[in-house]
Amino acid sequence: MAEERRPAFGGSNIHIPLSLQELFGLWSRFPGAAPWAGGTALGAGNHSASFLSLPRDIISLERIEELRRIARTERYLEIGAMVRLNEITRLGKMIPDVLIRTLLGAAGYPVRNLVTLGGLVCSSAPQATGTGEGILPRGARSLGAAASFIALDARFELRSAESSRWVSAARFYTPGGRQEIAERGGLPAGAWGAPPAKTRLRGGGLSPKPDPAAEPGRELLTRIRIPLEQWSYSVYRKIQDGDRWGTAVFIARIEKNILMELRVIFASDRIIRSQAGESSLNGKSLPLERRDVNHFVALWELALEEEGRTDPMIRAILLNCIEACALELAD
Ligand SMILES: Cc1cc2nc3c(=O)[nH]c(=O)nc-3n(C[C@H](O)[C@H](O)[C@H](O)COP(=O)(O)OP(=O)(O)OC[C@H]3O[C@@H](n4cnc5c(N)ncnc54)[C@H](O)[C@@H]3O)c2cc1C
C-alpha cells in the first residue's frame with residue numbers, strides 16, 4: 001500500500017506509491033499533486049527567502065521499481081525515468097557519447113547523484129550556468145538536454161491510468177507538443193513554464209500535431225528509449241555568452257569516407273535545426289569541400305536569421321562551432 005505522511009515542507013502531503021497503479025490511483029484522488037523525482041528543481045523553486053513552499057500534495061516516484069529499470073535490446077536502450085544521471089554515465093560505452101557529455105554537463109557530481117533522467121526532461125527549473133556552479137536568475141529556462149535527445153531521435157513513454165504512448169523528443173520539446181501534454185493534465189503543473197515564443201525547425205518536419213485520438217488523463221514520463229545507432233563523430237557544446245547559453249549537438253555517421261547522416265541541433269529557449277543544411281551535406285565524400293561547408297553554414301545563418309532573436313555573440317560562437325565541426329569531419 002502507498003504510504004501517506006504529512007511532515008515538514010510547510011504541510012505538504014507526501015505520498016509514496018510502490019507501483020504505477022498506486023500512483024495513478026493517488027493522482028486521481030489528488031489531481032493537483034506533483035511528481036517528485038530528484039527534487040532538485042521542485043525543491044528549489046517557488047520559495048521566498050523566509051518560506052519554503054512546495055506543492056500541497058507530492059507524489060514521490062522514489063519507490064516505484066519500474067521507473068528505475070534499464071533495459072537494452074539490439075536496437076534500443078530504455079532507461080526508466082527515475083534513473084539518476086550518475087547511474088547512466090557509469091554505464092559507459094553502452095550510452096551514446098553525446099548523451100554522456102550532455103549528462104555530465106547538466107550539473108556537478110553531487111547534483112547528478114540526485115537528478116533523474118525524467119526530472120531532467122520534465123524540468124524547467126532555474127538553470128545553472130555552463131560551469132554548473134551558478135544558477136541563472138529565477139525564471140531563466142533552457143531546454144537542457146533537448147538537443148541531444150532530439151539528435152539521437154529519442155522517444156519518451158508517457159503513461160496515464162488509461163493509456164500509454166510514445167512521443168518523439170522532437171515533438172515533445174516543441175511548444176505545441178508541450179501544450180498538448182499540459183492540456184492532457186499530465187506533466188506537472190508549471191513544469192514547462194511559459195512556452196518559448198516560437199520554435200522554428202528549418203526544412204520542414206517535426207511540426208507538432210495534437211493527436212485527436214488521445215484520451216485525456218494525467219501522464220507521467222516513465223521511460224526514455226534511445227536508438228543504439230553508431231555515431232562516428234559527436235560533439236556536445238555549451239554555447240555561452242554571460243548569462244545566456246544554449247547547447248549545440250553535432251553528430252554524424254560516416255561510412256567508407258561518405259557522410260551518411262548528419263544531425264545538428266541547437267537548443268536554448270527554443271530549438272533550431274536546419275534540415276536543409278543537413279540534407280545539403282548528406283552523401284558527400286570526406287573531407288568536405290570548403291564551398292560545401294560555406295553553403296551549410298549559410299543555411300544555418302538563414303535559419304538563425306529567420307528565428308530573429310538569437311543573441312549576436314551566441315550566434316557567432318554557434319556558427320563558428322558548426323563550421324569547425326563540419327571541416328573536421330573525416331573517416
Ligand atoms: C546546483 C544545480 C545545478 C544545475 N545545473 C544544471 C545545468 O547546468 N543544466 C541543466 O539543464 N539543469 C541544471 N540543473 C537543473 C536540474 O537539471 C533540474 O533541477 C533537474 O533536471 C530536475 O530533476 P529532478 O530529478 O531533481 O526533478 P524534480 O525536481 O523532482 O522534478 C522537476 C519537475 O519535473 C517533474 N517530474 C519529475 N519527474 C517526472 C516524471 N517522471 N514525469 C512527469 N513529471 C516529472 C516534477 O513534478 C517537477 O515539476 C541544476 C540544478 C541544480 C540544483
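Start at the turn between two strands of this predicted model: select residues 155-168, where a hairpin of four residues joins β7 to β8.

**The β7-β8 pair**

Show the backbone of β7 (residues 155-159) and β8 (residues 164-168). The two strands pair in the antiparallel sense, over five bridges. To find one of these pairings, select arginine 159, whose bridge partner in β8 is serine 164. Strands of a sheet pair through backbone hydrogen bonds, either parallel or antiparallel.

Next, pick serine 160, in the loop between β7 and β8. Is serine 160 buried or exposed? Serine 160 counts as buried because 21 other C-beta atoms lie within 10 Å, and the cut-off for a buried residue is 20 or more. Now add arginine 218 to the selection. Arginine 218 is 58 residues from serine 160 along the chain, yet their C-alpha atoms are separated by 5.3 Å.

**The sheet around it**

Widen the view to the open sheet that contains β7 and β8. Its five strands run in the order β5-β6-β10-β7-β8, with antiparallel pairing. Which strands form the edges? They are β5 (70-72) and β8, each of which pairs on one side only. Turn the sheet to look across its strands: the twist averages 20° from one strand to the next.

**The nonpolar core**

Select alanine 169. Apart from its neighbours within four places in sequence, alanine 169 is in contact with Ala146, Phe149, Ile150, Ala154, Arg155 and Phe156. Alanine 169 is also among the residues with the most contacts inside the largest nonpolar core, which has 78 residues. Others in that group are Ala146, Ala147, Ile150, Phe156, Val249 and Ile265.

**The β11-β12 hairpin**

Move on to β11 (residues 233-241) and β12 (residues 244-255), which pair in the antiparallel sense over nine bridges. Within this pair, arginine 237 stands opposite alanine 248 of β12. Two residues lie between the strands of the hairpin, and glycine 242 there takes a positive phi near 60°.

**Helix α10**

Now select residues 290-307, which make up helix α10. The helix has 18 residues and reaches 26 Å from its first C-alpha to its last, close to the 26 Å expected at 1.5 Å a residue. Show the side chains of Val293, Phe296, Leu299, Trp300, Ala303 and Leu304, the buried residues of α10. Look down the helix axis: the buried residues of α10 fall within an arc of 140°, so they line one face of the helix. Exposed on the other side of α10 are Arg290, Arg291, Glu305 and Glu306. Step just past the end of α10 to glycine 308, which takes a positive phi of about 85°.

**The whole chain**

Finish by showing everything. The secondary structure of the chain comes to eleven helices and 14 strands. Of the 331 residues in the chain, 40% are buried. Among contacts with a separation of 6 or more, 65% are between residues 24 or more positions apart.

Notes
Residues are numbered from 1 along each chain as its sequence is written. This is a predicted model: local features need pLDDT of at least 70, side-chain atom pairs count only at pLDDT 80 or more; totals for chains, interfaces and linings use all residues. Two strands pair if DSSP finds at least two bridges between them. Axes are lines fitted to C-alpha atoms, for helices over the stretch in contact, and angles run from 0 to 180 degrees between N-to-C directions. A residue is buried if 20 or more other C-beta atoms lie within 10 Å of its own, exposed if 12 or fewer, and partly exposed in between; C-beta atoms are placed from the backbone. Two residues are in contact if their C-beta atoms, placed from the backbone, lie within 7 Å. A nonpolar core is a set of buried Ala, Val, Leu, Ile, Met, Phe, Trp, Tyr and Cys residues joined through C-beta atoms within 7 Å. The expected span of a helix is 1.5 Å times one less than its number of residues. The arc is that of the directions from the helix axis to the C-beta atoms.
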